[in-house]
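Here is a short briefing on one protein chain. Keep the sequence and the 3D view open while you read.

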Amino acid sequence: FHENHKEELWENDEGITIEQMVSPSGLHNTILIKFGEIFYLQTRGDNGFFSAFVKYIGPMKKAQYYRSEISVCSKDESELITARYSIQGYKVENEDIVRGGKCLKLHYDVIKHFLDEEKNLPITIDIIKLKDEENIKTDNV
């Protein structure tokens, strides 16, 4: 990953802020490394909606131990949208995540005023590791 995907790779133990070009149609993939684990972020514009989700790259059963928190913030920081979702394993189809509502999904009209002059959308991604099994819902496996 470090050699083949250096432009799309972010490694950080804190939240990660990414500015990506957003259009009504488009797709961006980013690899995230946190807690020594590999995650995959996909942002996309499709049918007038912007969506973003994180998948875990590793043993499917371990995905249940993580949550993603995705935020978009206006330039003047007066408006913020944050959503937290269970992270899905890499075998879960991307379309199933989006159609199933297991991701941040906002109409393009909502995010238009969050874009900067170059049509980039600053999004902040944080990956949260659950500390104990009582916080884990087994229906997300």
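Is Asp-126 buried, partly exposed or exposed? Asp-126 is partly exposed, because its relative accessible area is 22%, and buried would mean under 20%. Keep in mind that this is a predicted model. Two topics follow: the nonpolar cores and the salt bridges.

**Nonpolar cores**

- The largest nonpolar core has 23 residues. Phe-39 and Leu-121 have the most contacts inside this core.
- Several elements give two or more residues to this core. Among them are strand E4 (37–46), strand E5 (49–57), strand E6 (66–73) and strand E10 (120–129). Strand E9 (104–107) and helix H2 (108–111) do so too.
- Apart from this core lies another one, of five residues. Phe-53, Ile-97, Val-98 and Cys-103 are among them.
- Look around Phe-39, leaving aside residues up to four places away in sequence. Phe-39 touches Val-54, Lys-55, Tyr-56 and Ile-57, among others. Its contacts also include Thr-30, Ile-31, Leu-32 and Lys-34. Tyr-66, Ile-87 and Ile-127 belong to the list as well.

**Salt bridges: the overall picture**

- Side chains of opposite charge can pair when their charged atoms come close.
- The count comes to six salt bridges. Three of them are described below.

**Asp-126 with Lys-34**

- Asp-126 forms a salt bridge with Lys-34, and their closest N and O atoms are 2.5 Å apart.
- Asp-126 sits in strand E10 and Lys-34 in strand E3 (residues 26–34), so the pair ties together parts that are 92 residues apart in sequence.
- Lys-34 is buried, because its relative accessible area is 7%, under the 20% cut-off.

**Lys-62 with Glu-37**

- In the salt bridge between Lys-62 and Glu-37, the closest N and O atoms are 2.8 Å apart.
- Lys-62 lies in the loop between E5 and E6, while Glu-37 lies in strand E4. The pair therefore ties together parts that are 25 residues apart in sequence.
- Lys-62 counts as partly exposed, at 30% relative accessibility. Glu-37 is buried, with a relative accessible area of 15%.

**Arg-84 with Glu-69**

- Arg-84 forms a salt bridge with Glu-69, with the closest N and O atoms 2.6 Å apart.
- Arg-84 is in strand E7 (residues 80–86) and Glu-69 is in strand E6, so this pair ties together parts that are 15 residues apart in sequence.
- Arg-84 is exposed, because its relative accessible area is 52%, and exposed means over 50%. Glu-69 counts as partly exposed, at 24% relative accessibility.

Conventions. Residues numbered from 1 in each chain as written. Predicted model: local features only at pLDDT ≥ 70, side-chain atom pairs only at ≥ 80, totals over all residues. Heavy atoms only, no water. Core = buried A, V, L, I, M, F, W, Y, C linked by side-chain atoms within 4.5 Å. Buried < 20%, exposed > 50% of the residue type's maximum accessible area, 1.4 Å probe, protein only. Helix = DSSP H or I, 4+ residues; strand = E, 2+ residues; numbered from the N terminus. Contact = heavy atoms within 4.5 Å. Salt bridge = Lys/Arg side-chain N within 4 Å of Asp/Glu carboxyl O.
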